[in-house]
Amino acid sequence: MKWLKSRHNQILALIMIMMAILGIRLFGLTVVEGAHWGEAASNISIKNISTPAPRGEILDRYGRVLASSIPSFTVQFSSGDLTNEQTNAVSRNLIRILEENGDNYYDNFPILIENGKFYYTYQKNIESWLDSQAMPTDYTAEQAFSEIRRRQNIDEGLDRYDAQVELQSVYNIFPPISVKKMKYLKNMDKESFLQRYKLDTELTAEEAFRELRSNFELPSSLTDAEARKIMVVRNELSSQGYRKYIPAKIASGVSNETIVIIEEKSSDLPGVEVAAESMRYYPNGKSAAHVLGYLGQISENEKAEYVDEKGYKTNDLIGREGIEKVFESLLKGKDGTKNVEVNAFGELVRVINETEPQKGKNVYLTIDLELQKTAEAALEQALTEIQRAGTFKSQWGNYKYGKAYRNANVGAVVALEVETGDVLVMASSPAFDPNLFTSGISNEDWNALQGENLRDPLSPLPLFNVATRTAVQPGSTFKMVTATAALESGLDPTRKLKDGGAVKLGSRTYGCIVWNTSRRNHGYINLYEALEVSCNYYFFDIATGWDFSKGVSLGFNDPINIEKITSYAQQYGLGLKTGIEIPETVMPVPSQERKLAQIKAMLRNVLIGRAEIYFEQSLIKDKNKLNENIMTIVDWTEENPSRNELIRRLGNLGVKENLIETVADLCKFTYYNRAKWTTGDELNIAIGQGENAYTPLQITNYVATIGNKGVHNKVSLLKAIEGEGVAEKEPGKKIELKDEKNLEHILEGMKRVASGPRGSLKGVFKNFPVDVAGKTGTAERGGKVNPPDEVEYIKKNLSRINSSLRWEDVEKEMVRLLEDYPDVYKTQNYAVRQAVINLSNGAVTETRIDAYKSEYDPFAWVVTLAPAENPKIAVGVLLFQGGTAGYAAPVAREVIAKYLQLDKIYEDYNLDTSITQ
């Protein structure tokens with residue numbers, strides 16, 4: 001006790017007691033309770049939550065807003081440590097509040113209920129697509145892909161990957177199919193959805209619904225419809241995966257009423273909060289929509305990339321087309337971070353700290369908004385007035401359309417700055433309003449944007465960028481290419497050649513429109529006059545180096561042929577990528593190899609389609625042998641055997657004996673003989689017909705190259721990026737010219753088109769205050785307009801096609817063909833045609849069946865340069881089925897006039913370089 005009387009010892013004793021207590025407690029924590037606390041410690045971790053950054057703006061070349069963001073309120077829900085019962089109750093109450101106030105909410109739950117029947121939205125989407133393509137709705141992905149290949153005459157020698165590239169780049173067709181796995185993309189989304197819940201991917205929609213209802217512990221008292229509404233919310237929560245600490249976005253752009261109610265009932269809605277976010281807004285509606293693109297939701301297949309890797313929320317919208325897609329990473333900006341502590345279940349424990357998000361970078365485009373609006377308004381007015389033979393009204397002079405073309409409902413305008421290749425205008429009609437997509441597009445709005453007749457490739461498609469994605473014959477606008485090749489070969493532009501009216505090759509004639517319509521000709525003309533009046537005969541002469549009227553050579557210094565012409569076409573940028581940032585279609589310049597591949601594909605499709613008529617029944621039943629024999633016949637195309645040799649060979653390939661000569665003549669005269677280059681091919685290509693096919697963007701850039709003294713620029717939509725300065729331009733490449741004055745000769749001819757006494761644009765530009773150089777082109781479109789439903793068409797017109805046939809018999813034969821030969825007749829649209837031919841014993845031909853379909857009207861092309869003496873702007877206009885080339889001219893005139901005005905108004909208006917430095 002004496003020891004304790006010392007103050008020093010008392011302190012020492014106290015320390016020893018405290019150390020003992022701490023030691024005992026440490027022993028308990030580490031040894032006795034070590035396992036428990038070790039698990040608890042491992043259950044706590046630090047996570048980073050990303051807070052979305054406002055999306056960067058898209059602006060025109062002068063800083064005018066094309067796309068921005070506006071404040072918006074979203075409803076978010078984090079279930080945290082709520083039980084299933086509590087989560088379900090909150091979900092039900094939340095949906096009720098949103099519905100009562102008319103607010104839409106995200107419904108990504110892919111099981112729908114209609115009239116008591118359950119189905120996956122994925123399957124509905126697949127069936128809808130197949131139906132739109134006139135294919136059976138039970139087609140597998142492989143069957144659908146094969147059918148698309150067949151329709152487009154894709155070479156069978158290409159593997160499926162190369163075939164997909166050709167479909168996308170040449171034919172603008174993007175089947176919703178993964179060629180790697182040969183599955184529909186939507187089916188892959190379905191598999192991802194079911195796997196997320198650890199469900200069998202083979203479950204039916206109803207089976208999956210029952211399993212999920214059980215997993216979510218939804219009360220049995222709820223109807224399936226009521227349960228589904230809760231499952232919509234639960235699906236959004238589940239989409240977060242292991243990141244439950246991130247609130248799920250349930251609704252965007254909610255009303256003030258909803259915000260107030262949620263705040264008032266916050267105690268009844270644990271985990272629910274209203275957050276301020278930004279929503280994409282396009283202040284000019286449809287203007288430049290195809291350039292800007294639109295936003296879309298992240299698909300199931302994309303969640304691994306965007307949600308797991310890049311930190312997007314499952315309901316975030318990403319750029320789907322246009323500039324929004326190309327510059328997604330820049331426009332999105334850098335999300336803010338919120339450091340939070342969560343447990344092993346992903347539930348929030350506490351917020352540690354957070355940093356503010358950084359807005360996405362602004363992107364400046366080369367587009368001139370006011371010029372764009374002028375072009376769009378002019379395009380719409382032209383299409384409307386052409387359809388009713390009305391009048392295009394303008395301060396520069398009214399233009400009366402003499403004849404109505406009722407199918408003139410699609411068009412495009414492109415304007416380029418000649419010196420740089422900058423895109424000033426890119427307009428396509430019909431267009432769409434990208435605001436429809438900013439909070440998730442409804443099914444009704446989406447369906448309204450689809451084509452009315454997908455069997456007609458010229459049917460209006462609002463989402464389709466005609467300016468960059470539609471490659472068609474350029475008609476006479478191509479003649480400057482032919483003129484370039486001829487001048488470089490030694491053509492004297494002042495030399496007059498006689499227009500003989502028409503060149504006759506065999507039974508076919510090739511002539512000018514004045515010859516074809518009234519048997520007149522242009523007399524003796526030189527290059528300038530030939531461009532002015534667009535004389536085909538003159539260009540037939542200079543493209544071949546042969547004076548067809550006199551039957552003598554033109555005596556060029558260097559030979560000219562189709563290869564030389566297409567070489568200059570490529571130097572002008574035709575058949576090659578333009579360099580534009582958004583997707584474009586590129587059709588290669590004509591070539592013998594390309595023609596051969598197309599002829600072979602066409603022959604194969606004909607033989608397959610008429611297999612039951614031409615081949616023995618025993619061979620029809622052996623599909624592999626049938627295909628092998630057909631490919632043997634097709635592979636003879638290059639050899640082109642004699643008719644007698646062909647008859648001998650066909651006898652050994654299962655062709656019906658009484659039809660051997662018929663098949664031989666079909667192969668020999670319709671296909672084999674057409675497979676190689678002919679003089680007729682050269683004549684057609686020289687005047688922009690035949691295998692030529694280019695987009696309005698390519699054609700306009702080729703004309704801009706002429707105006708730029710032969711310097712060909714890459715095309716660009718990008719002017720500058722915030723913080724990175726003005727975008728660097730790749731130097732233009734000069735085309736190979738022996739004499740640069742040759743382009744001056746071509747420009748002189750183009751000036752006469754707009755101002756000469758016989759110029760096709762004289763009526764539009766005669767009182768225009770600025771001299772313009774231009775060229776028109778009327779391109780013929782062969783074939784008939786397919787109706788939406790071939791079966792209905794034949795049923796309606798059967799009595800006119802063949803009065804002895806009954807519809808009941810045709811329908812019965814159609815069903816038989818579909819059942820007996822599913823590999824040959826893949827759709828009713830094909831089978832019904834063959835049924836008519838079969839029942840008529842071949843008396844009805846394909847031509848007879850199509851006799852009551854309407855024909856396509858010609859494309860109308862106009863290209864211009866202004867001012868003619870020193871071109872600053874190149875404008876190209878294309879009107880689908882516009883009838884005659886001059887009909888497109890008023891549109892180009894409006895763009896030129898507005899551009900010249902803006903050039904003066906904005907001469908002191910410079911880009912705000914403080915933003916872009």
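Start by selecting Cys-667: at 0% relative accessibility, this cysteine counts as buried. Keep in mind throughout that you are looking at a predicted model.

**Stop 1: the cysteines**

Now add Cys-535 to your selection. Cys-535 is buried too, because its relative accessibility is 0%. Is there a disulfide to be found anywhere? A search of the whole structure turns up 0 disulfides. Cys-535 is in none, and the nearest cysteine sulfur, which belongs to Cys-512, is 3.5 Å away. A disulfide would need the two sulfur atoms within 2.5 Å, so this pair does not qualify.

**Stop 2: confidence colouring**

Next, colour the chain by pLDDT. The chain mean is 88, and 93% of the residues reach 70 or more. Then select residues 905-917, where the pLDDT is below 50. In the model this stretch has 22 contacts beyond near neighbours in sequence. Please treat such places with care: where pLDDT is low, the predicted coordinates should not be read in detail.

**Stop 3: a five-stranded sheet**

Switch to a cartoon view and find the open sheet of 5 strands, ordered E18-E17-E31-E30-E29 with antiparallel pairing. Which strands stand at the edges? They are E18 (423-429) and E29 (773-779); each has a single partner strand, so one side of each is left without a neighbour in the sheet. From one strand to the next, the twist averages 5°.

Zoom in on E30 (residues 859-866) and E31 (residues 873-879), an antiparallel pair joined by 7 bridges. Here you can pick out Thr-864, which stands opposite Val-875 in E31. Then show helix H32 (residues 741-755), which packs on the sheet and touches E29 and E30. The direction of H32 makes about 75° with that of E29.

**Stop 4: a salt bridge between loops**

The structure holds 45 salt bridges. To see one of them, select Lys-729 and Asp-422, whose closest N and O atoms are 2.5 Å apart. Lys-729 sits in the loop between strands E27 (725-726) and E28 (733-734), while Asp-422 is in the loop between E17 (411-417) and E18, so the pair ties together parts that are 307 residues apart in sequence. Show the surface to compare the two partners: Lys-729 is partly exposed, with a relative accessible area of 39%, whereas Asp-422 counts as buried at 2%.

**Stop 5: a salt-bridge network**

Now centre on Arg-833, which is buried, with a relative accessible area of 12%. Which side chains does Arg-833 meet in salt bridges? One is Glu-790, at 2.6 Å from N to O. This link runs between helix H34 (residues 790-801), home of Glu-790, and helix H36 (residues 828-839), home of Arg-833, with the two positions 43 residues apart in sequence. Glu-790 is buried as well.

Another partner is Glu-846, again with the closest N and O atoms 2.6 Å apart. Glu-846 belongs to helix H37 (residues 846-849) and is 13 residues from Arg-833 in sequence. At 27% relative accessibility, Glu-846 counts as partly exposed. Add Asp-850 and Lys-853 to the view: salt bridges that share partners join them with Glu-790, Arg-833 and Glu-846 into one network.

**Stop 6: an exposed loop residue**

Finish at Asn-104, in the loop between helix H4 (84-100) and strand E4 (111-114). Is Asn-104 buried or exposed? It counts as exposed, at 68% relative accessibility. Draw a line from the C-alpha of Asn-104 to that of Thr-374: they are 36 Å apart in space and 270 residues apart in sequence.

Technical notes: Residues numbered from 1 in each chain as written. Predicted model: local features only at pLDDT ≥ 70, side-chain atom pairs only at ≥ 80, totals over all residues. Heavy atoms only, no water. Buried < 20%, exposed > 50% of the residue type's maximum accessible area, 1.4 Å probe, protein only. Pairing = 2+ DSSP bridges. Helix = DSSP H or I, 4+ residues; strand = E, 2+ residues; numbered from the N terminus. Axes fitted to C-alpha atoms, helices over the stretch in contact; angles between N-to-C directions. Contact = heavy atoms within 4.5 Å. pLDDT = per-residue confidence, 0-100. Salt bridge = Lys/Arg side-chain N within 4 Å of Asp/Glu carboxyl O.
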